[in-house]
Amino acid sequence: MLRTLHRIAQANVQQKTRQLISCVAVRYSSAKVLTTETMHPLIKNVEYAVRGALPIRAEALSAELKAGKKLNFDKVVFCNIGNPQQLNQKPITFFRQVSSLCENPELLAPENRELLSKLYPADAIARAEVLLKNIGSIGAYSHSKGIPFIRENVAKFIESRDGYSANPEHIFLTQGASSGVQTMIQILTQNTSVGIMIPIPQYPLYSATISLVDAAPIPYYLNEEENWGLSTEDLKKSIEEGRKAGKDVRALVIINPGNPTGQCLSEQNIREIIDFCHKERLLLLADEVYQTNIYMPKERPFHSFKKVLLSMGEKYKDQELVSFHSTSKGMIGECGRRGGYFECVNIDEGVLEQLYKISSISLCPNVSGQIMVDLMTNPPVEGDASYAKYKSEIDGIFQSLQRRAIKLASCFNSLEGITCNAAEGAMYLFPRITIPQKAVEAAKEAKMAPDAFYSMAMLDATGVCVVPGSGFGQEAGTWHFRSTFLPEENLFDGFCSKIEDFHKDFLNKYRD
Ligand SMILES: Cc1ncc(COP(=O)(O)O)c(C=O)c1O
């Protein structure tokens, strides 16, 4: 007995010593603890084309130009992302005036007032004072759901947009729309059998976030021939396939106006989608960040999902909806401020509490972004000192976007083998390209998708960076790319002719 105990004790000591030696060996070997082999595999597998291989090469080319290298072009034009101020869109003056006073409240001190009133209009000064009174210092953490005063203003904005009341307690301010989308997809994913319906083509925030949480994307296709329209037949087909594959399909993502497709849904179509979600018990995630980028306001006005849902009466009173908005888009384009919000409609009270809890983990959305949300939802109105300037800036940007959308679509449509739907909304065109077989083979050799090969050739020849359609999803056998129409209007003719020349050269090189 004693001998046995002694043997066990000895074995334990030996094992502990071995463990200790191996720990020390790992610690002091040159191998890093964190490598792409040891990192979270779901993060490694995520793809995000908007900032993928093309933009990485574009940044490298940009650096080469800065270092004095001679290339086929003297500037890289970043059309891969809807980032208006990167392409020199001017910020809205009133918004920057107010936010600069909030940043530096010393400017509001009595001894500076005389000078201040020469530099800033009275309503910008008054707005900054009201905001500061409700915020305190912008350097302090705020309420985790966002500053209550700003959430009240957002609720008033939604009420006046839709004609239905909104509850500030059901509104969460966020770091851009992206963080709200991520939060909602995370909270929806109970386990890996959860499926979330997403459009194809889609904005890759959705596919990337779904893959991060290990849920399943359930694709439904937009119909290119019908100007990227959405049929409930296709929705039905898609949900059936998802369920057949054993998925617990719980939510439907709608991007309206669409990215990358630019379509605006009709009110009738929105009703059908809501009815579909109601029948199939799906939570609706309505991405409405482009709600003011509406280029055919008469034929294709914007209808919010909330307004249409509430107009549908008693039967739909429990339909769950979360809608997202952002300060990055519209005519504002303050992408770097990271302002946004989401509104929850008919969401379970317990879930609202959980949303509050997870918002608290990151303490609060950044306060400068929250100020931008306040300004977006509560801009100068007629009679205010800043109104005329504000309106002329907004109208100027809007009309220019409208002209550029038409110009770029007509440039694409004039090219052999390219067809392009008009942009009813948003900031992008998604032309379809016929790629000659010889180029398809060259792409295969280069281990690239044909549309990535085409887009890379365009970048190398012109400095224009677009995103291949494969990054958004597309009908099998079709090829596309997405380009913003954000380059400055005075450079637009040159921009279009560069693309035309490149396309002709590409076809001549690879013609079958
Ligand atoms: C459809 C759509 N949703 C959400 C976002 C995210 O925008 P942000 O996080 O800047 O608000 C974008 C950005 O391009 C978008 O196109």
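This report walks through a predicted protein model, going from its overall build to a few single residues.

## The big picture

Let's start with the whole chain. The model is predicted, and the protein in it contains 18 helices and 14 strands. Its radius of gyration is 26 Å, while the globule rule gives 24 Å for 512 residues; the two are close, so the protein is as compact as a globular protein of that length. If you lay the C-alpha trace along its principal axes, the spans come to about 100 × 70 × 60 Å.

How are the contacts spread along the chain? Among contacts with a separation of 6 or more, 74% are between residues 24 or more positions apart.

## Inside and outside

Of the 512 residues in the protein, 49% are buried. Turning to the outside, the accessible surface adds up to about 24,700 Å². Carbon and sulfur atoms hold 54% of that surface.

Then there are the charges. The protein carries 56 positive side chains and 58 negative ones. Take the centre of each set, and the two points lie 7 Å apart.

## Two domains

The domain assignment splits out two parts. Domain 1 is made of two stretches, 49-87 and 390-510, whereas domain 2 covers 130-377. The C-alpha centres of the two domains lie 28 Å apart. Where domain 1 and domain 2 are in contact, 29 residues come from domain 1 and 33 residues from domain 2.

## A closer look at Gly340

Now for a single residue. Gly340 sits in strand β8, which runs over residues 340-345. Is Gly340 buried or exposed? Its relative accessibility is 0%, so Gly340 counts as buried.

Which residues does Gly340 touch, leaving aside those up to four places away in sequence? The list has Phe172, Leu173, Thr174, Gly176 and Ala177, plus His325, Ser326 and Val373. You can also look from Gly340 to Met376: these two are 36 residues apart along the chain, and their C-alpha atoms are separated by 9.7 Å.

## Two cis peptide bonds

Next, a couple of spots in the backbone. Ile200 and Pro201 are joined by a cis peptide bond, with omega at about 0°. To find Pro201, look in the loop between β3 (194-200) and α9 (205-212).

Asn259 and Pro260 are also linked by a cis peptide bond, and here omega is near 15°. Pro260 belongs to the loop between β5 (248-255) and α11 (267-280).

## Positive phi without glycine

Which phi value does Leu363 have? The angle is positive, about 70°, although Leu363 is not a glycine. This residue is in the loop between α13 (349-361) and α14 (367-377). Leu363 has a relative accessible area of 39%, so it counts as partly exposed.

Lys447 is not a glycine either, and its phi is positive too, near 55°. You'll find Lys447 in the loop between α16 (437-445) and α17 (450-462). With a relative accessible area of 78%, Lys447 is exposed, because exposed means over 50%.

Conventions
Residues are numbered from 1 along each chain as its sequence is written. This is a predicted model: local features need pLDDT of at least 70, side-chain atom pairs count only at pLDDT 80 or more; totals for chains, interfaces and linings use all residues. Side-chain values use heavy atoms; hydrogens and water are left out. Helices (H or I, at least four residues) and strands (E, at least two) are DSSP runs, numbered from the N terminus. The radius of gyration is taken over C-alpha atoms; the globule rule is 2.2 Å times the number of residues to the power 0.38. Buried means under 20% relative accessible area, exposed over 50%, partly exposed in between (1.4 Å probe, protein chains only). Contact means heavy atoms within 4.5 Å. Accessible areas come from the Shrake-Rupley method with a 1.4 Å probe; for residues, only the protein chains shown count as cover. Lys and Arg count as positive and Asp and Glu as negative; His and the chain ends are not counted. The place of a charge is taken as NZ of Lys, CZ of Arg, CG of Asp or CD of Glu. Domain bounds come from an automatic or database domain assignment.
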